[in-house]
Structure formats: structure tokens, C-alpha cells
Amino acid sequence: MAVFVALGAFLMTLAGGWVAQRVTDRRHLVLGLAGGLMLGVVGLDLLPEAIEAAGTPVFGVPAALLLFVGGFLAAHLVERLLAGRQVAHGASGGRVPQVGLTAAAAMVVHSLMDGIALGAAFQVSGSMGMAVALAVISHDFADGFNTYTLTSLYGNARRKALLMLFAAAAAPVVGAATTLLFTLPEELLGGYLGFFGGALLYLAAAEILPEAHHTHPARSTLLCTIGGVGFIWLVVGIAE
């Protein structure tokens, strides 16, 4: 049942990526929406789940929050290292394609974890499984949207962006299938969500949103960002 439901997540992820690539003439609106979706996913979905699953204090601070900060710093460090390496090899300034691929790969891993969470929920009960399925399927549209946007934003070819999109779409199905073989410890899953949330927040705040407002500082771009956050809030509220 979990694998069958995960097929819905597969289709929803592809739908998100399709929308992202079809509105290239409104790139600033796409980036504004993507930034809002990422901010909403981090603040309203990933971080609360991470604290609940891995909230054991480490020197007075929940482990999930420490990993959240670590993820933010790690994303910043990786981007700086890759940019420095590009300059050292005489490449022109600008965005580093590897950063986009790394970010998209993190989205794929996140989608894989969604599938694992879905399978684990169905192991508990059918009602819990359907509740988690609603959340996963709903926000996988945002995952597909963000995966394609992140990959293409950093100058990667359309073929690579589509490849990462299909990987993100297939990941929930694979994740749900793996729960037939093993169960991921809750604290490990929570720690990963915290770390990934920090990295995702860095990309949204330091890359996506500044790019969205750089050439088109329009009110409509800001409204798209707010709309993205509101959409995730709606999804989380319905799932609860």
C-alpha cells in the first residue's frame, strides 16, 4: 500500500518540475515562489519534525537545532570552497554548477526520507499512513519545483535538471519499498532533517531570494514568496 501511495508522490514531483520549467519567461516569479516554498518547508515542516524526533539536548541545545545550524554552515562552506576552486582554475565568476547539483541531490535524499516515513507510518496503522501520505504527496509538488529550479539556477544543462527531477520523483517510491526490509531509527531521521533544513534555508536566503529580486524587485515576486510559505502552511495544517 505504501509503495502504491508513493506513486502519487512520484507524479506530484514531476508536476512540480514541469511547472518550474514551463514558466521561464517569469523567472523572477518562479524563484520567488521557490524561495517561499523552501522557507515554508524548513520552518513549518522539517524543523518541527526534526526537533520532535531528535530533540535531546546537547549542552543545553536540542541536537536537531545544532545540526540545523551545522547544515547552514556546511552549505555556506561548500559553496565558498567550490567558488574558490573555480576562480583558482581561471573560470569566470558566477554560480557554481556543482552547488546546484549538490542541493538537488539533497532534495533527492529528502524525498527518499519522505518515502521511508510513509512506509513506516503504514506499518503503524492505515490511518496514520494516509495522514502522512497526504503531507508527502502535497509537498512533493514543492520538492519537484525546487529540485528543478535549484539545478537549473546554477547553470546546469536542462538534461541534468530533468535527471535530478526524475531521481527526486522516484525517491519516495524507493524509500517506501525499503521499509519492507528495515526501519530507520527516529533520532537519525530527525538529525538528518535538521541538517538538511539548515542547508536548504541557506540556499533560500542567500541564493534563491536575492536572485529573484536582483533584476525584478517587483511586488509580485514578494507576493509569490509569501504565497509559497502560505501554501506549505496550508499543507501542514491539512496533514495535522
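Biologist: Which residues make the nonpolar surface patch of about 420 Å²?

Modeller: First, this is a predicted model, where local features need pLDDT of at least 70, side-chain atom pairs count only at pLDDT 80 or more, and totals for chains, interfaces and linings use all residues. Residues are numbered from 1 along each chain as its sequence is written, and side-chain values use heavy atoms, with hydrogens and water left out. Now the general idea: a patch takes residues with over 30% relative accessible area and no salt bridge, joining nonpolar side chains (Val, Leu, Ile, Met, Phe, Trp, Tyr) within 5 Å and like charges within 9 Å. A salt bridge puts a side-chain nitrogen of Lys or Arg within 4 Å of a carboxyl oxygen of Asp or Glu. Areas come from Shrake-Rupley with a 1.4 Å probe, and for residues only the protein chains shown count as cover. Here, V58, F59, V61 and L66 make the nonpolar patch.

Biologist: Where is F59 found?

Modeller: Elements are DSSP runs numbered from the N terminus: helices are H or I with at least four residues, strands are E with at least two. F59 sits in the loop between β1 (57-58) and β2 (61-62), while its patch partner V58 is in strand β1. Look at the backbone too: F59 is not a glycine, yet its phi is positive, about 55°.

Biologist: Is F59 buried or exposed?

Modeller: Buried means under 20% relative accessible area, exposed means over 50%, and partly exposed is in between (1.4 Å probe, protein chains only). F59 has 88%, so it is exposed. V58 has 43%, so it is partly exposed.

Biologist: Which residues form the negative surface patch?

Modeller: For charge, Asp and Glu count as negative, Lys and Arg as positive, and His and the chain ends are not counted. Each charge is placed at CD of Glu, CG of Asp, NZ of Lys or CZ of Arg. The negative patch here consists of E49, E52, E186 and E187. Helices α2 (27-53) and α7 (186-214) each give two or more residues to it. Take E49 in α2: its relative accessibility is 40%, so it counts as partly exposed.

Biologist: What about H28, buried or exposed?

Modeller: H28 is also in helix α2, but its relative accessibility is 13%, so it counts as buried. Its C-alpha lies 9.8 Å from that of L222, although 194 residues separate the two along the chain.

Biologist: Which residues does T149 touch?

Modeller: A contact means heavy atoms within 4.5 Å. Leaving out residues up to four places away in sequence, T149 touches A20, V30, L31 and A34. T149 belongs to helix α5 (residues 126-153), and its 5% relative accessibility is why it counts as buried.

Biologist: And which residues does K160 touch?

Modeller: With the same sequence cut, L101 and T151. K160 is in helix α6 (residues 158-178), and its relative accessible area of 34% is why it is partly exposed. From K160 to Y148 is 9.0 Å, C-alpha to C-alpha, with the two 12 residues apart in sequence.

Biologist: Zooming out, how many helices and strands does the protein have?

Modeller: There are 8 helices and 2 strands, running α-α-β-β-α-α-α-α-α-α from the N terminus on. Of the 240 residues, 46% count as buried. The protein exposes about 11,500 Å², with carbon and sulfur atoms supplying 71% of it. And among contacts between residues at least 6 apart in sequence, 82% join residues at least 24 apart.
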